[in-house]
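Work through the exercises below with the sequence and the 3D structure at hand. Try each task before reading its solution.

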Amino acid sequence: MNFIYRIFEEIFPVFPFLKNKKNILNKVSNENEIASKSKRYEELGSDSLNIRIKEEHERAIKIDEKTFKFTLGLSISLTVLAAASGSFVNFLPNSSFVTYISIICGISSLYMLAAGITALGAIKTLATYGYGTDHLLSQKKIGDSYLAEALYAQELMNVIRQLRNESAYQCLRNGFLMLFLALGIAVVLLSNPSNAPAPTKTNIEDVSKKREVMGLDNNISVSDEKNDKKSMQPTAKAAAD
């Protein structure tokens, strides 16, 4: 069962990400669970807890920057994808594979779009724990237990950031794999001369009809020339008299 879910996660990475994100947000909103899970963090002491909270804040910024810059590569890849798919489909010979190539390129575009939307989620600010005036007041009033809870909650929020980055990467990877598959099929079709478009029965009939019409036109033009010569002969004799 885990193997099947793993395959589903690799093929459709956005849906597991949304599910895991919802589960983590539910954990963060559960104060009792946060208090019980973060209990062991109190052993670090206030100084170490403050250092760890600061490290998690810096880590969150780095993950968001990495994910957001990811969208630049996506915009370039989408442009290349649209140009490549349109060009190859137009120049391919008549074959049933042309339809499949178009479908594969469309799926690739959907993967790229999903990756871009997921990566753009980094612009949206997630909740941040362990900073601000309330943080200082709570730290002074409650002590290490509050710092431990803030650290644990911030770690969970950074897990969401990691999952989002991984999901965007998986969508981009799948999109490029589909694109390479379409390009591979296109190259095989172009390199195989047997796939060149053969004249059909309709084309042969059309050519025959055109030849018959051209033959009739030639016969008409020849007969017109003969009639013109005959009409010119009496005029010439009258001039001689």
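**Exercise 1. Place N158 and describe its surroundings.**

Step 1. N158 sits in helix 7. Helices (H or I, at least four residues) and strands (E, at least two) are DSSP runs, numbered from the N terminus.

Step 2. The model is predicted, so local features need pLDDT of at least 70 and side-chain atom pairs count only at pLDDT 80 or more, while totals for chains, interfaces and linings use all residues. Residues are numbered from 1 along each chain as its sequence is written, and side-chain values use heavy atoms, with hydrogens and water left out.

Step 3. N158 is buried, because its relative accessibility is 0%. Buried means under 20% relative accessible area, exposed over 50%, and partly exposed in between (1.4 Å probe, protein chains only).

Step 4. The side chain of N158 makes a polar contact of 2.5 Å with the side chain of E56. A polar contact is a pair of N or O atoms within 3.5 Å; within protein, one must be able to donate a hydrogen and the other to accept it, and residues adjacent in sequence count only if both atoms are side-chain atoms.

Step 5. Leaving aside neighbours within four places in sequence, N158 is in contact (heavy atoms within 4.5 Å) with E56, R59, A60 and I63.

**Exercise 2. Which helices do the salt bridges E155–R52 and D64–R164 link?**

Step 1. A salt bridge is a side-chain nitrogen of Lys or Arg within 4 Å of a carboxyl oxygen of Asp or Glu. The whole structure has 10 salt bridges.

Step 2. E155 and R52 form one of them, at 2.9 Å from N to O. E155 belongs to helix 7 and R52 to helix 4, so this pair ties together parts that are 103 residues apart in sequence. E155 is buried, with a relative accessible area of 17%, whereas R52 is partly exposed, at 24%.

Step 3. In the salt bridge between D64 and R164, the closest N and O atoms are 3.0 Å apart. D64 lies in helix 4 and R164 in helix 7, 100 residues apart. Both D64 and R164 are buried.

Step 4. Salt bridges with shared partners join R52, E55, E56, R59 and E155 into one network.

**Exercise 3. How far apart in sequence are E9 and R6, and in which helix do they lie?**

Step 1. E9 and R6 form a salt bridge, with the closest N and O atoms 3.3 Å apart.

Step 2. Both residues lie in helix 1, 3 residues apart, which is about one turn of the helix.

Step 3. E9 counts as buried at 19% relative accessibility, and R6 counts as partly exposed at 44%.

**Exercise 4. Describe the aromatic pairs F8–F12 and Y41–Y152.**

Step 1. A pair of aromatic rings is described by the distance of the centres and the angle of the planes. Rings of Phe, Tyr and Trp (its six-membered ring) pair if their centres lie within 6.5 Å; planes under 30 degrees apart count as stacked, over 60 as edge-to-face and the rest as tilted.

Step 2. By this rule there are 4 aromatic pairs. F8 and F12 make a tilted pair, 5.4 Å from centre to centre and with 45° between the planes.

Step 3. Y41 and Y152 make an edge-to-face pair, with 6.0 Å between centres and 70° between planes. Y41 lies in the loop between helix 3 (31–37) and helix 4 (46–91) and Y152 in helix 7 (residues 144–191), so the pair ties together parts that are 111 residues apart in sequence.

Step 4. Y41 is buried at 11% relative accessibility, and Y152 is buried at 14%.

Step 5. Ring pairs also link F8, F12 and F15 into a cluster.

**Exercise 5. What are the overall figures for the chain?**

Step 1. The chain has 8 helices and 0 strands.

Step 2. Of its 241 residues, 30% count as buried.

Step 3. Among contacts in the chain with a separation of 6 or more, 87% are between residues 24 or more positions apart.
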